[in-house]
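Morning, everyone. Please pull up the structure, and I'll walk through its charged pairs and one histidine.

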Amino acid sequence: MERPAIASTAQQHLAFLLEASALFAQALDPRELFDAVPRLAVPELADLAVVAVRDEAGAVQPKGVAHRELAFEDRLRAFFRGRAGSAPLAQVIDSGQLSV
């Protein structure tokens, strides 16, 4: 990789980190981050991002969804809502391993 490309990539990474830091610093309520974190990740890091947490009963609940194609977000919310607490989503959270 040439030096200008490395510098450009480093600047992009720094800009992303600055944006993420500002987002976390401004959040007064952690629940505000449920929607903000996936939006930050898409499209910079991924085409799709989901924030899921365990509720008081231990079930996995999707809280935030972002997709590169905004039209898909409602479908994704419905998809995950219908599978809250499902085995695959819970396995990903428990193991920390990506499931494709």
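**Salt bridges and a histidine**

Start with Arg31, which makes a salt bridge with Asp29; the closest N and O atoms are 2.8 Å apart. Keep in mind that this is a predicted model. How exposed are the two partners? Arg31 is exposed, at 58% relative accessibility. Asp29 is partly exposed, at 24%.

How many salt bridges does a search of the whole structure find? Three. That leaves Arg39 with Glu73, and Arg68 with Asp47.

Take Arg39 and Glu73. Their closest N and O atoms are 2.6 Å apart. Arg39 sits in helix 2, residues 33-41, and Glu73 in helix 3, so this pair ties together parts that are 34 residues apart in sequence. Now the accessibility. Arg39 is partly exposed, at 41%. Glu73 is buried, at 4%. The cut-off for buried is under 20% relative accessible area, so Glu73 with its 4% qualifies.

Next, Arg68 and Asp47. Their side chains meet in a salt bridge, 2.6 Å from N to O. This pair also links distant parts of the chain, 21 residues apart. Arg68 is in the loop between strand 2 and helix 3. Asp47 is in the loop between helix 2 and strand 1, and that strand covers 48-54. Arg68 is partly exposed, with a relative accessibility of 44%. Asp47 is partly exposed, also with 44%.

Now the histidine. Where is His67? It is in strand 2, residues 60-67. Buried or exposed? His67 is buried, with a relative accessible area of 19%. Again the cut-off is under 20%, so His67 counts as buried at 19%.

Look at its polar contacts. The His67 side chain reaches the backbone nitrogen of Glu69 at 2.8 Å. The backbone nitrogen of His67 has a partner as well: a polar atom of the Glu73 side chain, 3.1 Å away. So both the His67 backbone and the Arg39 salt bridge involve the side chain of Glu73, a residue that counts as buried.

What else does His67 touch? Leave out residues up to four places away in sequence, and the list is Val42, Asp47, Leu48, Phe72, Glu73 and Leu76. Two of those names have come up already. Asp47 is the salt-bridge partner of Arg68. Glu73 is the salt-bridge partner of Arg39.

Turn to Glu73 itself. It lies in helix 3, residues 73-81. With the same kind of sequence filter, up to four places, Glu73 touches Arg39, Val65, Ala66 and His67.

Zoom out to the whole chain. It has four helices and two strands. From the N terminus on, the order is α-α-β-β-α-α. There are 100 residues in the protein chain, and buried ones make up 21%. His67 and Glu73 both count as buried.

On contacts, consider residues at least 6 apart in sequence. Among those contacts, 35% join residues at least 24 apart. On surface, the accessible total is about 7400 Å². Carbon and sulfur atoms account for 57% of that.

To recap. Arg39 and Glu73 tie helix 2 to helix 3. Arg68 and Asp47 link two loops. His67 touches both Asp47 and Glu73.

Technical notes: Residues numbered from 1 in each chain as written. Predicted model: local features only at pLDDT ≥ 70, side-chain atom pairs only at ≥ 80, totals over all residues. Heavy atoms only, no water. Buried < 20%, exposed > 50% of the residue type's maximum accessible area, 1.4 Å probe, protein only. Polar contact = N/O pair within 3.5 Å; in protein donor to acceptor, adjacent residues only side chain to side chain. Contact = heavy atoms within 4.5 Å. Salt bridge = Lys/Arg side-chain N within 4 Å of Asp/Glu carboxyl O. Areas by Shrake-Rupley, 256 points an atom, 1.4 Å probe, with all protein chains shown as cover.
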